Amino acid sequence: MTTELLTPDGTERAGELIRQGKLVVFPTETVYGLGADALDPGACRRIFEAKGRPQDNPLIVHIYDRSQVDLVARALPPGAEILMDSFWPGPLTLVLPKKSAVSDVVTAGLDTVGVRMPRHPAALDFLKAAGTPVAAPSANRSGKPSPTNFAMARSAMEGRAEAIIDGGQCETGLESTVAAWTDTAAGRGWTILRPGAVTREDLYSVLDDLYLSQESARDEDLLARSPGTRHPHYQPRAEVRLFSDAEELERANAAGCYQGWAVLCAEEAKNAAETERGPLLVRSYPGWIALARRLYSDFYELDSAGVPGILAQIPTEEGGISDALRNRLLKASAGRLIEF
Ligand code: TXA
Ligand code: MG
């Protein structure tokens, strides 16, 4: 298959391809998505083939206007409108009761559908041109880190999708926050199924008593409701190991354990990383937001550079972007920690 490479001026063409049942990779402020007409089960089935994605992992439906919510959602739980008013367009996916027009292919047989309005201008133009809700997972091959720039999107999907829109480097670099309404014996309110750039503090600040902390909602319950979270995710080819502070890194370097590896860290750990017997490549960032933005593209570049492994610093404090970064790093590393 030949893949058309489009600039943000090519969104009309991309929209036309969606209406013909084709696949289009498009940029969002979080990561690039692999889109198909959400109301065309045949087109959506092709997403799973192109990604090699397990069938039990539901897709997020993308819209450009609030009027499209009614096309896919049957009802709005308490607080849903507050969340849309506060965070759309933006990196927040709301899990809503689904309409029957949305096929089981999209929702993996759940009776809910994840809906989000992205804020990247090229995404909004594209969705408007498509004129139909667009189902899209992240545009990576299943299990790999999500593409956060055009080169990564091409590398993952050229020859597998009919078009790719170049939207440059993604602003957030981590996937959207996924929130669901919960009403069980454990409690009632909106709960975070996947942390992202819209943080728990953000949700609590607008929802107040309609917010339910993850600690209050039971874990098995969350897993059952977001089935895809079981599969491996975000893993580069290089082995990833985690450390939490400069001291751990210093001890590992003193023992010469990770020569030839790369380090991704916050500025404060930079000096500990750059030692003679230490790692080959060090990338340090002024804060967690900056590290999160570059995490997946660094994974991609370091894989291309052929490093055997990556030592990544994991934030220990709760809240803010740290929750999302910790979640992705724990999966990327399969929980492996630095040793010395
Ligand atoms: O930022 C993002 O969300 C990107 C861009 C392209 O929008 N998309 C993305 O899609 O990350 P994907 O497929 O990689 O992740 C979708 C997540 C999964 O964790 C899935 O389980 C959850 O959303 N999800 C989707 N529909 C759901 C539903 N009905 N109930 C519970 N979880 C759902
Ligand atoms: Mg994904």
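In what order do the 10 strands of the open sheet with mixed pairing follow one another? The views below, drawn from a predicted model, take up this question and then turn to the second sheet, the helix pairs and the cores.

**View 1. The open sheet of 10 strands with mixed pairing.** The strands follow the order β1-β8-β2-β3-β7-β4-β6-β5-β9-β10. At the edges stand β1 (4-6) and β10 (187-194), each of which pairs on one side only, and the twist from one strand to the next averages 30°. Strand β9 (residues 177-184) is joined to β10 by seven bridges in the antiparallel sense, and within this pairing Val178 stands opposite Arg194 of β10.

**View 2. Helices α2 and α7 against the sheet of 10 strands.** Helix α2 packs on this sheet through contacts with β3 (33-37) and β7 (134-136), and the direction of α2 makes about 155° with that of β3. Helix α7 also packs on the sheet, where α7 touches β1, β2 (24-26), β3 and β8 (163-165), and the direction of α7 makes about 165° with that of β8.

**View 3. The open sheet of four strands with parallel pairing.** Here the strands are arranged in the order β11-β14-β12-β13. Because β11 (239-243) and β13 (281-285) are the edge strands and each has a single partner strand, one side of each is left without a neighbour in the sheet. The twist averages 20° from one strand to the next. Strand β12 (residues 262-266) runs parallel to β13 and is joined to it by five bridges, with Arg283 of β13 serving as the bridge partner of Leu264. Helix α12 (residues 288-305) packs on this sheet and touches β11, β12, β13 and β14 (309-313), while the direction of α12 makes about 170° with that of β12.

**View 4. The crossing of helices α7 and α12.** The axes of α7 (residues 150-157) and α12 come within 10 Å and cross at roughly 60°, an angle that makes α7 oblique to α12. The crossing of these two helices is left-handed. From α7 the contact involves Ala151, Met152 and Ser155, and from α12 it involves Tyr296, Ser297 and Tyr300.

**View 5. The packing of helices α4 and α8.** Helix α4 (residues 80-87) packs with helix α8 (residues 200-207) at an angle of about 120°, and their axes are 10 Å apart. The two helices are therefore oblique to each other, and the crossing of α4 and α8 is right-handed. On the α4 side, Ile82, Leu83, Ser86 and Phe87 meet Asp202, Leu203, Val206 and Leu207 of α8.

**View 6. The largest nonpolar core and a second, separate core.** In soluble globular proteins, nonpolar side chains tend to be buried together. The largest nonpolar core of this model has 49 residues, and those with the most contacts inside it are Val25, Leu34, Trp88, Leu92, Leu96, Trp190 and Leu203. Helix α2 (residues 41-51) gives the most to this core, contributing five residues. A second core, separate from the largest one, has 28 residues, including Tyr234, Leu242, Ala290 and Ala312.

Methods. Residues numbered from 1 in each chain as written. Chains lettered and ligands numbered in written order. Predicted model: local features only at pLDDT ≥ 70, side-chain atom pairs only at ≥ 80, totals over all residues. Heavy atoms only, no water. Core = buried A, V, L, I, M, F, W, Y, C linked by side-chain atoms within 4.5 Å. Buried < 20%, exposed > 50% of the residue type's maximum accessible area, 1.4 Å probe, protein only. Pairing = 2+ DSSP bridges. Axes fitted to C-alpha atoms, helices over the stretch in contact; angles between N-to-C directions. Contact = heavy atoms within 4.5 Å. Parallel < 35°, antiparallel > 145°, perpendicular 65-115°, else oblique. Left-handed = near helix turned anticlockwise from the far one by under 90°.
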